[in-house]
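Student: I'd like to go through a model with you, asking about one thing at a time. Could we start once it is on the screen?

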Amino acid sequence: MRNRIASVRRDTKETRIEVSIDLDGNGSVDVRTGVGFLDHMLDHLGKHAIMDLTVAAEGDLHIDAHHTVEDVGICLGKAIAQALGDKAGIRRYGSASVPMDEALANVAVDLSGRAVTVFNASFAGAKIGAFDTQLIVEFLRALAGHAGMNLHVNVPYGANDHHKAEAI
């Protein structure tokens, strides 16, 4: 199997993003987006996926985190697609049920090359700390759209928004 690594850079009027991944890494993560909760979630992703992940982002955070969060999702999706290449040797489908304290998330993916995001989760509050909860689905849509994956997220229950997001 070839090395499944990729690097993507995106420069726009609003953001400057660099993402590097090694899908066969050891869970080494270095994430600096300026959005604390996004950093926290990406740290979890890299460690639990056991992939090396580096993200450096500068964005128009003086306005809000929307562009930064979405553009990081775009870059991560592109990096995943690039690292998978022709997808030889992978399993196309995957799923996980993740309990995080009182919350449960069920997530399924299909690396079909077709982008679909189904998001069945709700949050009690508009924010987790300073992070807008609506940006969770925006990030996931950008990720799935640029990775070429079907992504289905279902959160049947949970009382704490932070725990629901971590489970996803």
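Tutor: Happy to! Let us settle one term before we begin: a polar contact is a pair of N or O atoms within 3.5 Å, and within protein one of them must be able to donate a hydrogen and the other to accept it. Keep in mind too that this is a predicted model.

Student: Then let me use that term straight away. Which residue's backbone nitrogen does the side chain of Asp64 reach?

Tutor: Asp64 sits in the loop between β4 (52-59) and α2. Its side chain comes to 3.0 Å from a backbone nitrogen, and a polar contact needs N or O atoms within 3.5 Å. The residue that owns this nitrogen is His66.

Student: Is Asp64 buried, partly exposed or exposed?

Tutor: The relative accessible area of Asp64 is 32%. Buried means under 20% and exposed means over 50%. Because 32% falls in between, Asp64 is partly exposed.

Student: How far apart in space are Asp64 and Val35, C-alpha to C-alpha?

Tutor: Asp64 and Val35 both belong to the lining of the second largest pocket. In sequence, Asp64 and Val35 are 29 residues apart. In space, C-alpha to C-alpha, the distance is 9.6 Å.

Student: Staying with the second largest pocket, how much space lies in it?

Tutor: Its lining includes Gly34, Phe37, Leu61, Lys127 and Phe131, and the elements that give two or more residues to that lining are α1 and β9 (131-132). By class, the lining has six nonpolar, two polar and three charged residues. The space in this pocket is about 160 Å³.

Student: And which element gives the most to the lining of the largest pocket?

Tutor: The largest pocket holds about 1,300 Å³ of space, and 38 residues line it, with Leu45, Ala49, Val107, Val109 and Ile168 lying nearest its centre. Among the elements that give two or more residues are α2 (66-84), β6 (103-110), α3 (134-147) and α4 (161-167). The element that gives the most, with eight residues, is α1.

Student: How many residues in the lining of the largest pocket are nonpolar?

Tutor: Start with the other classes: four residues of this lining are polar and four are charged. Leu45, Ala49, Val107, Val109 and Ile168, which lie nearest the centre, are of types that count as nonpolar. The number of nonpolar residues in the lining is 30.

Student: Let me look at α1 itself. What is its reach from first C-alpha to last?

Tutor: Helix α1 has 14 residues. At 1.5 Å a residue, a span of 20 Å is expected, and the model comes close to that. From first C-alpha to last, α1 reaches 20 Å.

Student: Which residue with a positive phi follows α1?

Tutor: Along α1, the buried residues are Phe37, Leu38, Asp39, Met41, Leu42 and Gly46. After the helix comes a residue with a phi near 55°. That residue is Ile50.

Student: What about α2: which residue just after it takes a positive phi?

Tutor: Helix α2 has 19 residues and reaches 27 Å, close to the 27 Å expected. Just after α2, phi turns positive, at about 55°. The residue there is Gly85.

Student: On to charged pairs. Which residue forms a salt bridge with Asp24?

Tutor: Side chains of opposite charge can pair when their charged atoms come close. For Asp24, the closest N and O atoms are 2.7 Å apart, and Asp24 counts as partly exposed at 43% relative accessibility. Its partner counts as buried at 16%. That partner is Arg4.

Student: Why does that pair tie together parts of the chain that are apart in sequence, and by how many residues?

Tutor: Asp24 lies in the loop between β2 (15-22) and β3 (29-32), while Arg4 lies in the segment before β1 (5-11). The salt bridge therefore ties together parts whose separation in sequence is 20 residues.

Student: Which residue does Lys47 meet in a salt bridge?

Tutor: The N to O distance is 3.3 Å. Both residues lie in helix α1, four residues apart, about one turn of the helix. Lys47 is partly exposed at 46%, and its partner is Asp43.

Definitions and conventions:
Residues are numbered from 1 along each chain as its sequence is written. This is a predicted model: local features need pLDDT of at least 70, side-chain atom pairs count only at pLDDT 80 or more; totals for chains, interfaces and linings use all residues. Side-chain values use heavy atoms; hydrogens and water are left out. On a 1 Å grid over the protein atoms alone, a cavity is a set of points where a 1.4 Å probe fits but cannot get out, and a pocket is an open set with protein on both sides within 12 Å along at least five of seven lines; lining residues have an atom within 4 Å of a point. Grid points are joined across faces, edges and corners, and a volume is the space filled by probe spheres set on the points. Buried means under 20% relative accessible area, exposed over 50%, partly exposed in between (1.4 Å probe, protein chains only). The expected span of a helix is 1.5 Å times one less than its number of residues. A salt bridge is a side-chain nitrogen of Lys or Arg within 4 Å of a carboxyl oxygen of Asp or Glu.
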